[in-house]
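The exercises below concern a single protein chain and ask for careful reading of its fold, its aromatic contacts and its pockets. Please work through each task with the structure open before turning to its solution.

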Amino acid sequence: MNWLYTVLAGLAGVLSLSLAFLAWSHRRAYGAIYFILLMLAVSLWSLSNAVESLPWDAQTKILWSQISYIGVVSVGPLWLLLALSYSQHLRHWARWHIFLLWIVPFVVLMLVATNQHHGLIWTRITPASDAPGALLIYEHGSGFWVHTVYSYASLLAGTVVMIRTALSTTQLYRRQIWALL
């Protein structure tokens, strides 16, 4: 069953990457750059997870999990920025607001990179079985949960912005928003 996960994660990564490349020709549209960046983050997350699920040794699996966090920490803020940009609310934000939005993801990436010293992201990582290349079970620490709350709050805020925009716009844009949601 592990092969099915690997294939599906790989397909999701390729599909997201394809959407990023397709969107590039429309990069001047409201929200396009954030959509492209979001699709690249999703692609990195998915492809890294697909590679991690291959039968590597534990250290290689952990490395790929760490790489995936570049995408993981980016999805929430990029979704919010996409929603704000698409709805034309981002123009009311100062650059420092955008900078502040990236502080938690940056800190989480630093915690992921140095987890072996503090265990704030993963308190324990154990193989699911004794078989070579077995999946790893990650037990999460407080840094993971802080990021999870932050990420879901960003996703929720972006979704609320998109729904409010959909309810107050024309049918064409409404369909685009529902497709994004």
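What follows is a set of worked exercises on a predicted model.

**Exercise 1. The overall fold**

Task: State how many helices and strands the protein has, and describe in which order they run from the N terminus.

Solution: Start with the inventory, which comes to eight helices and two strands. Next, follow the chain from the N terminus, where the elements run α-α-α-α-α-α-β-β-α-α. Then consider the extent of the model: along the principal axes, the C-alpha atoms fill a box of roughly 55 × 30 × 25 Å. Turning to the contacts with a separation of 6 or more, 59% are accounted for by residues 24 or more positions apart. Finally, take burial and surface together: buried residues make up 39% of the 181 residues, while the protein exposes about 10,800 Å², of which carbon and sulfur atoms supply 71%.

**Exercise 2. An aromatic cluster**

Task: Determine which geometry class applies to the ring pair of Y69 and W122, and which applies to that of W122 and Y138.

Solution: A pair of aromatic rings is described by the distance of the centres and the angle of the planes. The count for this model comes to three aromatic pairs. In the pair of Y69 and W122, the ring centres lie 5.6 Å apart and the planes meet at 85°, so this pair is edge-to-face, the class for angles over 60 degrees. The pair links distant parts of the chain, since Y69 belongs to helix α3 and W122 to strand β1 (residues 122–127), 53 residues apart.

The next step is the pair of W122 and Y138, whose ring centres are 5.3 Å apart with planes at 45°, so the pair is tilted. This pair also links distant parts of the chain, with W122 in strand β1 and Y138 in strand β2, 16 residues apart. Ring pairs thus link Y69, W122 and Y138 into a cluster.

To settle whether the members are buried, apply the cut-off of under 20% relative accessible area. Y69 has 7% and is therefore buried, W122 counts as buried at 4%, and Y138, with 17%, is buried as well.

**Exercise 3. The largest pocket**

Task: Identify which element gives the most to the lining of the largest pocket, and characterise that lining by residue class.

Solution: Rolling a probe the size of a water molecule over the atoms shows where empty space is left. The largest pocket has a volume of about 530 Å³ and is lined by 24 residues, of which W45, N49, Y69, V72 and F144 lie nearest its centre. At least two lining residues come from each of α1 (2–24), α2 (32–52), α3 (58–86), β2 (136–140) and α7 (142–167). Among these contributors, α3 gives the most, with seven residues. Sorting the lining by class then yields 12 nonpolar, 10 polar and two charged residues. Y69, one of the residues nearest the pocket centre, is also a member of the aromatic cluster of Exercise 2.

**Exercise 4. The second largest pocket**

Task: Repeat the analysis for the second largest pocket, asking which element gives the most to its lining.

Solution: The volume of the second largest pocket is about 460 Å³. Its lining holds 16 residues, and those closest to its centre are A29, Y30, Y86, Q176 and L180. Helices α2, α3 and α8 (171–180) each supply at least two lining residues, and α8 gives the most, with four. By class, the lining has 10 nonpolar and six polar residues, and no charged residues.

Note on methods:
Residues numbered from 1 in each chain as written. Predicted model: local features only at pLDDT ≥ 70, side-chain atom pairs only at ≥ 80, totals over all residues. Heavy atoms only, no water. 1 Å grid on protein atoms, 1.4 Å probe; cavity = no way out; pocket = protein on both sides within 12 Å on 5 of 7 lines; lining within 4 Å. Points joined across faces, edges and corners; volume = space filled by probe spheres on them. Nonpolar A, V, L, I, M, F, W, Y, C, P; charged D, E, K, R; others polar. Phe/Tyr/Trp six-rings, centres within 6.5 Å; stacked < 30°, edge-to-face > 60°. Buried < 20%, exposed > 50% of the residue type's maximum accessible area, 1.4 Å probe, protein only. Contact = heavy atoms within 4.5 Å. Areas by Shrake-Rupley, 256 points an atom, 1.4 Å probe, with all protein chains shown as cover.
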